[in-house]
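Colleague: I would like to learn how to read a structure like this one. Could you walk me through it?

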Amino acid sequence: MKPLVGIATALREDQRAVVQGITPCCNSGVDEGRITDVKLQKRIVAGRAASHSSATESS
């Protein structure tokens, strides 16, 4: 249940973005890409992003 609670919490925190993402007939790929970049930068700063070298070493 913990993973579901985490997902529900994240959706609740980003509820406005989730609603906007599913209601319009189309979305802007440029905006989506920028959001992805910002999230990756936040993960890197927080130390949660896996580097490519460590990901390939564990495989």
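**The nonpolar patch and the helices**

Modeller: Let's begin at the surface: H1 gives the largest share of the nonpolar patch, four residues. Helices here (H or I, at least four residues) and strands (E, at least two) are DSSP runs, numbered from the N terminus. This is a predicted model, where local features need pLDDT of at least 70, side-chain atom pairs count only at pLDDT 80 or more, and totals for chains, interfaces and linings use all residues. Residues are numbered from 1 along each chain as its sequence is written, and side-chain values use heavy atoms, leaving out hydrogens and water.

Colleague: Which residues make the nonpolar surface patch?

Modeller: In general, patches are made of residues with over 30% relative accessible area and no salt bridge (a side-chain nitrogen of Lys or Arg within 4 Å of a carboxyl oxygen of Asp or Glu). Like charges are joined within 9 Å, and nonpolar side chains (Val, Leu, Ile, Met, Phe, Trp, Tyr) within 5 Å. Areas come from the Shrake-Rupley method with a 1.4 Å probe; for residues, only the protein chains shown count as cover. Here Met-1, Leu-4, Val-5, Ile-7, Leu-11, Val-18 and Ile-22 form a patch of about 740 Å². Helices H1 (2-13) and H2 (15-22) each supply at least two of its residues, while Met-1 sits in the segment before H1.

Colleague: Why does Met-1 count as exposed?

Modeller: Buried means under 20% relative accessible area, exposed over 50%, and partly exposed in between (1.4 Å probe, protein chains only). Met-1 counts as exposed because its relative accessibility is 76%. Of the chain's 59 residues, 0% count as buried.

Colleague: How many helices and strands does the chain have?

Modeller: There are four helices and zero strands. One of them, H3 (residues 29-46), has 18 residues and reaches 26 Å from first C-alpha to last, close to the 26 Å expected (1.5 Å times one less than its number of residues). Just after H3, Gly-47 has a positive phi of about 80°.

Colleague: Which element has the lowest mean pLDDT?

Modeller: pLDDT is the predictor's confidence in each residue, from 0 to 100. Helix H4 (residues 52-58) has the lowest mean, 49, and H3 the highest, 87. Where pLDDT is low, predicted coordinates should not be read in detail.
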